Amino acid sequence: MITAGVDVGAKTIKVVVLDGETTRARAVALGGLDTRSALAQAFGEALQAAGLGRSDLSGVVATGAGRKLVEGADDLVSEVSAAARGATFLFPTARTAIDVGAEEGRAVRCTEGGKVDDSAVNEKCAAGAGTFAEAMARALQVDVEELGRMSLRSTMAVPMNAQCTVFAESEVISLLHAKTPKEDISRAVHDAIASRITSMVRKVGFQKDVVLIGGMAKNPGFVDAMKRSLESEVLVPDGPEFIGALGAALLAADRVEERA
Amino acid sequence: MAGTTRYPTAPLKCWDKAKELRKTYYEEYRTAHERGALRWGGGAWSLGAIPAGLGRDVCSLTSEPYAASIAWDRKFSIECMEAVEKRGYARDLCSYMRNYWGSLLLDRYAFGGTFPKPDFIWQDHICCSHAKWYQVVTDLEPEIPHFSIDVSVGPYRELTENRLAYVVAQMHEGIAWLEKVTGRSYDDGLLIEAVENECRSTSLWAEVCTLNKAVPAPLDEKSMYSLYVLGTLMKHDRRVADFYAELRDEVADRVTRGIAACGNERCRVMSDTQPPWAFLDLFRYLEDFGCVSVGSLYTFGLIGVWEVKEDGAWGPRATPKEKGITLTDRDHALRILADWNLSKPEWQHFYSPHLKSEMMIRIAREWSLDGVMVHYNRGCEGLTIGIAENRLALLEAGFPVMTFEGNMGDEREFDRGRTLARIDAFMERLGLRRIVA
C-alpha cells in the first residue's frame, strides 16, 4: 500500500511517500507567499522521486498549520497526532515527542501505540520556535546553521532573560555591545528556547524516551541545549523535519486499513 | 463514549421568550426615567432582591452580562477598550470592567442611545475586580452614590453565625442607605417576595442543569448561555422564576422523549470560566465532531444554587418554601438571602482552587464527561485564578484536559485559528474525527 503524508508548515511544506513502512520518497519546498504552488511543487517532486503518479496513492493525509489547503486529502490531522505517530513509529519506546518547527513548539506525551496522551503548544509567542532562532541569527549576523555550530563552542553560560523575540533581540544586541562572545550568545539563545520548551514538556509530564523532531532538531546547538535543560538524552531521527509528514503518511495507511 | 447513534433534535419552544425577557430587561432599564422609575447598577452577583423592596418599578443594569453583550459586538468592544486605555487604565484588568467603563466613557449604550447612568450603585464584593469596578465608576461619575456589601466571609462549609451576621448587618445598613439616597420608604413585603423569587429561580436553574446529566444532553452550553443569563440579570424577579419553571418542564420533557441538543452526540465535555463571547462558534465547531459541551461549573454555578442530595449527587438546593419555611420579616428574609447566596458554587473557589477542583471533578463524573476544555481566561482574574491547579486535579482524576488561552471580553487576546487547531488535536486525543465536513 502506498500512501502520502503532507505537512504544510508555517515555513516549509514536507511530503513523505510511504510504501508500506518504507519511505519511497520525500520532498520539501519553501511555503512562501503562494502556498498552493509550493504544495504542488513539493507533492510533484515527491511523486516523481518515487516514480509514481497521484493515482498510485491509496491515501493521503495532511497535517500542519496549512493542512486545509491540501486538495484531495482523505483526512486532515493535527500536528500533535502526526508527531506522536511518526515519532513512535521510528522509536517505539518514545513517550515524549518534542516538535519544534518554525512557528510553534509543542510537547506531546505519547502512548505505546502512538496515540496522544496529552500535549502542550506554545502560546502566541515565537520564543519557543524556530523563527526565534532565525531572528537571533540575524541579530548576530550569522546564518542559522552557523548559530547552531557556534553554540557548541561556547565556554560560558550567559543568562538571557527576555522571553519575547523583540526584547530578546535587544538583549542580544546589548550582549554584543558588552563584548560577549558570539558563541556564548548563541548558546544563550538556544538555552532560552530550550527553557520554554522544557516547561511545556513538564506541563504534559516528562517521560522517557524523548524524541526531538521538527526543523529545529537539525540545529546541534538546540539539541545540546535540550539535553542540558531536560537533563536527559534525546533521540533525533534522520530528517527530523519530515516526521510530521511521516506520521501523516502512516495515519493515511491506518485509514485505508480501517476502510478495508 | 457513545457510538454513532443519531438522536432526534428539536428547537426549544421557550427560546423566543428568553430572548424577549432579555430584550425587555435592557429596554426597561433604558427607559426607566421616562416612567419615573429607579435605575441601579451593580454586578450580576449583587443582592438585587434588596433594592426590589423600593418598589416594583426598580430596574437594574448588571454589569457583567452587559459587558458580555458589548464583547459580542466586537467593533463596539474595541472602541470601549481603546477609550479606557486612553484614559490610562491598564489593559490587563478585567475585560468586563473595561467594556463597562468604555461604554460609560463613550456615553453609548449597547442597546441604543446614550449610556443610561444609574441612580445608585448597589454592589457586593467577593471578586478582587468587583471591589474596584464601581470605585472607578464613582471616580468618573462622582454624583452617583455607591453602596457595597462585603460578602467574602469564607467558604460556605465554614459558615458561622458570626460570619452570617456580618453580612446581614451590612444588608440592614444597606436598606437604610437605599431609603436615604432614593427618598423612598422600604417595603418588606416586596423584599420577601423578591427573596422567594430568587431562591426559586436559582434553584430551578440548578434543576435545569441537573437534567443535562441525561444522555443525550437536552441542552448544549452555547444555548445555555442564552438561558442562564436571565438569572444574572434579575434572579429576584418573578418573570425569571416563572420562566425557569417553564424551561425546567420543557427540558424534563426533552429528557423523557430523548430529544438532544446535538443530534450526533457521542462525546461530552465541559468548559470552564466565561467563554470568549465574540467566538461562541467554537461550540458549534465541537459539534462537527459529535462533541457537546453540556455546561460547566461557570454555567451551572454562577447563579445556580446547589446542594448535595441524599444519594450523594449534586442537585438543586431546596428552597425555603419547599422546606416549609415562611419568611416572616425583614431580618428573616435577609438571613435567608445571605445564607442562600453564600452557598453559591462560584463563590466558593475564591478561597481555594481545591474547592473548585472538587466541584469540577464532581461535574465531570456526574455528568458523564469524556474531557474538559479549560479557558485560561486573561479577562477574568476572579474565575481564572488557580485554574492550572484545576487542570492538574482533573488530570489526576482521569479526565483529559485541553487548555486554551483567551479573553472573555477582549478579542485582541484570543486566537481563533490556533484555538480551533487545539480543538482538532483534543478531539483526536478523545478518539473523534469530524462527522460534518
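Entry 1, contacts along the chain. I began with chain B of this predicted model. I looked up its contacts with a separation of 6 or more, and 78% of them are between residues 24 or more positions apart.

Entry 2, confidence. I checked how far the predictor trusts chain B. Its mean pLDDT is 96, and 99% of its residues reach 70 or more. For the model I noted an ipTM of 0.82 and a pTM of 0.90. I also wrote down a general caution: predicted coordinates should not be read in detail where pLDDT is low.

Entry 3, secondary structure and overall form. I found 17 helices and 10 strands in chain B. The radius of gyration of chain B is 21 Å, and the globule rule gives 22 Å for 437 residues; the two are close, so chain B is as compact as a globular protein of that length. I then took the spans of the C-alpha trace of chain B along its principal axes, which come to about 65 × 55 × 40 Å.

Entry 4, burial. How many of the 437 residues of chain B count as buried? I got 51%.

Entry 5, the side of chain B that touches chain A. I looked up the contacts between the two chains and found 8 residues of chain B in contact with 9 residues of chain A. Which helix of chain B gives the most to this side? Helix α17, residues 416-429, does, with 6 residues. I sorted the residues of this side of chain B by type: 6 are charged, 2 are nonpolar and none are polar.

Notes: Residues are numbered from 1 along each chain as its sequence is written. Chains are lettered from A and ligands numbered from 1 in the order in which they are written. This is a predicted model: local features need pLDDT of at least 70, side-chain atom pairs count only at pLDDT 80 or more; totals for chains, interfaces and linings use all residues. Helices (H or I, at least four residues) and strands (E, at least two) are DSSP runs, numbered from the N terminus. The radius of gyration is taken over C-alpha atoms; the globule rule is 2.2 Å times the number of residues to the power 0.38. A residue is buried if 20 or more other C-beta atoms lie within 10 Å of its own, exposed if 12 or fewer, and partly exposed in between; C-beta atoms are placed from the backbone. Two residues are in contact if their C-beta atoms, placed from the backbone, lie within 7 Å. pLDDT is the predictor's confidence in each residue, from 0 to 100. Ala, Val, Leu, Ile, Met, Phe, Trp, Tyr, Cys and Pro count as nonpolar, Asp, Glu, Lys and Arg as charged, and the others, Gly among them, as polar.
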